[in-house]
Amino acid sequence: MLKNILYPKRKKSISTIAFYNVENLFHPDDDAKTKDDDFTPEGKRNWTLKRYKRKIKKLGSVISKLGMNRSKTPPIIVGLVEVESARVVDDLTNSSLLRKYSYDFVHHNSPDERGIDVALLYNRVAFDYLGSTTYPVFLENEEGERDYTRDILKVRGYLHGELTHILVNHWPSRRAGADETEHKRITAAKTVRRVIDEIYDDEMDPKIIIMGDFNDDPNSKSINEFLVGDDLYNPMESLFDSEKYGSLTYNGKWNLFDQIIFSKNFLEKKEDNYSFYYASVFNKRWMKIHRGKFKGNPFRTYVGRWYQGGFSDHFPVYAFLKKES
């Protein structure tokens, strides 16, 4: 009994942060300013309000369960990409399974021609929002004209009382070939590094979280050589296995494009401060295709133009932050 008085048991508090590419979360109403015609009731995808509401509910079911095995509550931070507008993010935060968790969100329109943006959900109790900024990634096509892509979203606030910067990314795709488009993702990586350098200029030892769909793996040149330096830690690097593990598949191989990267001060375990604990891919059986050629792959909303009624073509990724007191 005396031993317990002298050495009281330390309490652990665990929080989850996450990132999710939600695969073309469009509202079925036509937006004249973007190329969203496929995702309307009359479009190629026959995207109806019923299908939209079903997808919102399915995405809410995923987010509501992320990290619950350890943190006992859904994520306090969720980065999102492939969202069409503030309207769809608002519908998601107010869906039946999420509305009770005090979520608010940050969204800015990006210049992407398809009209897909990045956004951030945050729990108002755990994250005290201070402000946000967007940073364009300047690209050119073969004719020397501006090639528009998603902006980088930087959100600043107090995460459990600690000033934290969160950068949400959706880098240019590999659609025209991985090698042919590599320079675009390197440009995006250089843009993120400039944002990080600006943060360092303003603050001493800032806490930074970088999350996104980078369309490159943890061992790709854009990530390894141009983004992650001595000041950053990428826990996804040790998780990646192209043969059997990742967040999405292409031509039968796994990729881990979806990543969460931390400034190295998240590895410092200080009294009453949150530190990095664990990271993984959220790939529960009920989120997968159960049979056939693509068994084990993410159960997605569409395959080509054919409606499947699933969640997304990506699994979300998540990380635990731990505080001992």
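In what order do the six strands of the open sheet with β5 at one end stand, and what kind of pairing do they have? The order is β5-β8-β9-β10-β14-β11, and the pairing is mixed. Before I go further, please keep in mind that this is a predicted model.

Let me stay with that sheet for a moment. At its edges stand β5, residues 127-135, and β11, residues 232-233, and because each has a single partner strand, one side of each is left without a neighbour in the sheet. The partner of β5 is strand β8, residues 152-159, and these two pair in the antiparallel sense over eight bridges; if you want one position to look for on the screen, threonine 134 has leucine 153 of β8 as its bridge partner. Across this sheet lies helix α5, residues 178-202, which covers β5, β8, β9 (162-170), β10 (207-213) and β11, and which runs at about 165° to β9.

Now to the other sheet I would like to show you, which is also open, has six strands and mixed pairing, and follows the order β3-β4-β2-β1-β18-β15. Here the edge strands are β3, residues 103-107, and β15, residues 275-281, each of which pairs on one side only, and from one strand to the next the twist averages 20°. Within this sheet, strand β2 (residues 77-83) and strand β4 (residues 117-123) run antiparallel and are joined by six bridges, with glycine 79 having leucine 120 of β4 as its bridge partner.

Two helices pack on this second sheet. Helix α2 lies across β1 (12-25), β2, β3 and β4, running at about 155° to β1, while α4 touches β1, β2, β3 and β4 as well, its direction making about 165° with that of β3.

How, then, do these two helices meet each other? The axes of α2, residues 49-65, and α4, residues 86-93, come within 9 Å and cross at roughly 60°, which means that α2 is oblique to α4; the crossing is right-handed. On the α2 side the contact is made by Tyr52, Ile56, Leu59, Gly60 and Ile63, and on the α4 side by Arg87, Val88, Asp91 and Leu92. Sorted by class, that contact has six nonpolar residues, one polar and two charged.

Finally, let me step back to the whole chain, which has six helices and 18 strands. Its C-alpha atoms fill a box of roughly 75 × 40 × 40 Å along the principal axes. For 325 residues a compact globule would have a radius of gyration near 20 Å, and because the protein chain has 20 Å, the two agree.

Methods:
Residues are numbered from 1 along each chain as its sequence is written. This is a predicted model: local features need pLDDT of at least 70, side-chain atom pairs count only at pLDDT 80 or more; totals for chains, interfaces and linings use all residues. Side-chain values use heavy atoms; hydrogens and water are left out. Axes are lines fitted to C-alpha atoms, for helices over the stretch in contact, and angles run from 0 to 180 degrees between N-to-C directions. Helices (H or I, at least four residues) and strands (E, at least two) are DSSP runs, numbered from the N terminus. Angles under 35 degrees count as roughly parallel, over 145 as roughly antiparallel, 65 to 115 as roughly perpendicular and the rest as oblique. A crossing is left-handed if the near helix is turned anticlockwise from the far one by less than a right angle, and right-handed if clockwise. Contact means heavy atoms within 4.5 Å. Ala, Val, Leu, Ile, Met, Phe, Trp, Tyr, Cys and Pro count as nonpolar, Asp, Glu, Lys and Arg as charged, and the others, Gly among them, as polar. Two strands pair if DSSP finds at least two bridges between them. The radius of gyration is taken over C-alpha atoms; the globule rule is 2.2 Å times the number of residues to the power 0.38.
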